[in-house]
Amino acid sequence: VYGRNAAALSQALRLESPELPVEVNPAKPRRGSFEVTLLRPDGSSVELWTGIKKGPPRKLKFPEPQEVVKELKKHLS
């Protein structure tokens, strides 16, 4: 996760699943994007959130933490 919303979102993810490591911006993000990806142990990945096609306004590119936690739960069950 990346950006000004990263702290709130990473905290929500850690509270929901403390056993999962959360990396904040492990690589340089795409310009103008906010994305959250679940990396599975088998090497596959699932995009939990992308704001690339959202907005304007710019605030639509950033999710509410509860939305991402809801998606995480779906993919962990």
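1. Let's start with L60. Leaving aside neighbours within four places in sequence, L60 is in contact with W49, K54 and G55. Its place is the loop between β2 and α2. Keep in mind throughout that this is a predicted model. Is L60 buried, exposed or partly exposed? It counts as partly exposed, because its relative accessibility is 42%, and the band for that label runs between 20% and 50%. As for distance, L60 and V24 sit 36 residues apart in sequence, and their C-alpha atoms are 20 Å apart in space.

2. Next door is K61, found in that loop between β2 and α2. K61 is a charged residue to look at carefully: it is buried yet has no salt bridge. Which side chain of opposite charge is nearest to K61, and how far away is it? That would be E35, at 9.7 Å. A salt bridge needs the nitrogen and the carboxyl oxygen within 4 Å, so E35 does not qualify as a partner.

3. So what does the K61 side chain find instead? A polar atom of the K61 side chain lies 3.1 Å from the backbone oxygen of G51. The backbone oxygen of I52 also has a polar atom of the K61 side chain at 3.1 Å. With neighbours within four places in sequence left aside, the contacts of K61 are G32, F34, W49, G51, I52 and K54. When you turn the model, G51 and I52 are worth picking out from that list, as each offers a backbone oxygen to K61.

4. While you're in this loop, check the peptide bonds. G55 and P56 are joined by a cis peptide bond, with omega about -5 degrees. The bond from P56 to P57 is cis too, with omega near 5 degrees. P56 is in the loop between β2 and α2, and P57 is found there as well. G55 has already come up, as one of the contacts of L60.

5. Now the core. The largest nonpolar core has 13 residues, and those touching the most other members are L9, L13, F34, V36, L48 and V68. Which elements give two or more residues to this core? They are α1 (6-16), β1 (35-39), β2 (45-50) and α2 (65-76). That kind of grouping fits a broad pattern: in soluble globular proteins, nonpolar side chains tend to be buried together. F34 is one to remember, since it also appears among the contacts of K61.

6. L13 makes a good starting point for exploring the core. Not counting residues up to four places away in sequence, L13 touches V22, V36, V68, V69 and L72. Two of these, V36 and V68, are named with L13 among the residues that touch the most other core members.

7. Helix α1 has two sides to look at. Its buried residues are A6, L9, S10 and L13. Why can we say that they line one face of the helix? Seen down the axis of α1, they fall within an arc of 95 degrees, so they line one face. What covers these buried residues includes β1 and α2. On the other side of α1, the exposed residues are A7, Q11 and L15.

8. S10 deserves its own point. This serine belongs to helix α1 and counts as buried, because its relative accessibility is 4%, with the cut-off for buried being under 20%. Where does its side chain reach? It reaches the backbone oxygen of A7, at 3.2 Å.

9. Finally, the salt bridges: how many are there? The count comes to two. One of them pairs E16 with K73, whose closest N and O atoms are 3.9 Å apart. E16 lies in helix α1 and K73 in helix α2, so the pair ties together parts that are 57 residues apart in sequence. Both ends are partly exposed: E16 has a relative accessible area of 33%, and K73 has 45%.

10. The other salt bridge joins the side chains of K74 and E71, at 2.8 Å from N to O. Here both residues lie in helix α2, three residues apart, or about one turn of the helix. K74 counts as exposed at 51% relative accessibility, while E71 is partly exposed at 22%.

Definitions and conventions. Residues numbered from 1 in each chain as written. Predicted model: local features only at pLDDT ≥ 70, side-chain atom pairs only at ≥ 80, totals over all residues. Heavy atoms only, no water. Core = buried A, V, L, I, M, F, W, Y, C linked by side-chain atoms within 4.5 Å. Buried < 20%, exposed > 50% of the residue type's maximum accessible area, 1.4 Å probe, protein only. Contact = heavy atoms within 4.5 Å. Lys, Arg positive; Asp, Glu negative; His and termini not counted. Polar contact = N/O pair within 3.5 Å; in protein donor to acceptor, adjacent residues only side chain to side chain. Arc of directions from axis to C-beta.
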